[in-house]
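Hi,

Here is the structure I said I would pass on. Have a look at it first, and my notes follow underneath.

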Amino acid sequence: MSATFSPSQLGTLVPAMAFAVGIAFGAVGQATRFCTMGALSDLFAFGDATRLRMWLTAIAVAMLATQVAIVSGVFDLSSSIYTGTRLLWVSTLVGGALFGFGMVLASGCASKALIRAGGGNIKALVVLIVMGVVALMTLRGVLAEVRVGLLDRWGFELAGTQDLPSWLSRVSSVSPPMVRVILAASVPAALAIYIARDRAFVRSSAFLGGLSIGVVVMLGWVITADFGYLPEHPDTLEPAWIATSSRRPESLSFVTPVAYTINLLTLWSDRNTTLTFGIAAAAGVIVGSFFAARMRKEFHWETFANVEDTANHLVGAVLMGFGGVTALGCTIGQGISGLSTLAAGSFLAVAGIVGGAFSALRYQTWRIETSSPQD
């Protein structure tokens, strides 16, 4: 399809489509209370797995749809940041853990902050700004020295891409397409069995919310890896994924796009800074959440309660900015988009995020218990 459009036309169409996808994500997220941090918090505090099932539904749908598209030849994600040949296992685990701890302190991950900002939450706006600045520092500023010199050095080079179908096929006699089919069927099926155990959830709006988020992530891949892909760019004669910050196929992720948004706004006259898929999608989330909140009469201004609340959100934003870049993604970037590629690093990052989040929840519980008046 992209052959019918010039690179300059795709440079406009791809962000426009990303903006529409972001609106859908923001509206669904606001209406269904989709939140990975909330899912883990509900499970930790109340044993309620409703929002966890919503997140797992999104993962299962995105994974199944993405792998079917790969097998069918719709697009190829071997060039994405998630499926590279170098497995940065320390960076993904540590970065994921820091992000998970930070999102609890900040009352939600990057996507939730965008949704809350659209609903009038000033705290979320402050979190986004601080997170974005720290993410820029981690990408190519002073914190990049820490990331590259201390964490990224602990990795190993693989013989091929790190997606599990390619990896497992190299250590077995089974062909990569067959391994992909097996994994694409078995992993979502296992998730579906767990999800279906709660019949009330399957009949609820939460299930539809998870289903919708999974579809939206899949649409992100379609936009960048299929519609916006040029096998041979007329200027460079090399493959090109138009209007993506990584210059590779992308789907939804929100830490680095917030950083690049700040970069674009502060360097607007620099011709090297342009509107990209991630920036447009992040803006769309805020817009979608705003209109959904207005329609549901849930829009209201909210700010910090006290100094401790402010400090927690600021520290959480810093941890999310550094951790999200170091782990190559957030709860959406690695937690859904990355997992949909079946990348080994994405599973490590999600393990780190979950571990970090539960550590922060235990920390908050300890703080409450120790600060309570003693009898």
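Let's begin with a serine: the side chain of Ser91 comes to 3.4 Å from the backbone oxygen of Leu151. Keep in mind as you read that this is a predicted model. Ser91 belongs to helix 4, which covers residues 89–105. Is Ser91 buried or exposed? Its relative accessibility is 0%, so Ser91 counts as buried. Leaving aside residues up to four places away in sequence, Ser91 touches Gly96, Leu151, Asp152, Thr326 and Ala327.

Next, the aromatics. The count of aromatic pairs comes to 12. Take Phe290 and Phe299: their ring centres are 5.5 Å apart and the planes meet at 80°, so this pair is edge-to-face. The cut-off behind that label is an angle over 60 degrees between the planes. These two phenylalanines sit on either side of the burial limit, which is 20% relative accessible area. Phe299 is buried at 18%, while Phe290, at 29%, counts as partly exposed. Both belong to one aromatic cluster, together with Phe291 and Trp301.

Phe299 has a charged partner as well: the charged end of Arg294 sits over its ring, 4.3 Å from the centre. Another arginine to look up is Arg53, which lies over the face of Tyr194 at 4.3 Å from the ring centre.

Now for helix 9, which runs over residues 176–196. How far apart are the end C-alpha atoms of helix 9? They are 30 Å apart, and this agrees with the 30 Å that its 21 residues should span at 1.5 Å a residue. The buried residues in helix 9 are Val179, Arg180, Leu183, Ala184, Pro188, Leu191 and Ile195. Looking down the axis of helix 9, you find these buried residues within an arc of 135°, so they line one face of the helix. As background, an α-helix has 3.6 residues a turn, so residues three or four places apart point the same way. What do the buried residues of helix 9 pack against? Their partners are helix 3 (50–71), helix 8 (164–170) and helix 10 (199–202).

Last, in the loop between helix 9 and helix 10 you will find Asp198. With a relative accessibility of 22%, Asp198 counts as partly exposed. Its C-alpha atom is separated by 39 Å from that of Val130, and the two residues are 68 residues apart along the chain.

Cheers

Methods
Residues numbered from 1 in each chain as written. Predicted model: local features only at pLDDT ≥ 70, side-chain atom pairs only at ≥ 80, totals over all residues. Heavy atoms only, no water. Helix = DSSP H or I, 4+ residues; strand = E, 2+ residues; numbered from the N terminus. Buried < 20%, exposed > 50% of the residue type's maximum accessible area, 1.4 Å probe, protein only. Polar contact = N/O pair within 3.5 Å; in protein donor to acceptor, adjacent residues only side chain to side chain. Contact = heavy atoms within 4.5 Å. Phe/Tyr/Trp six-rings, centres within 6.5 Å; stacked < 30°, edge-to-face > 60°. Lys NZ or Arg CZ within 6 Å of the ring centre and 35° of its normal. Expected span 1.5 Å × (residues − 1). Arc of directions from axis to C-beta.
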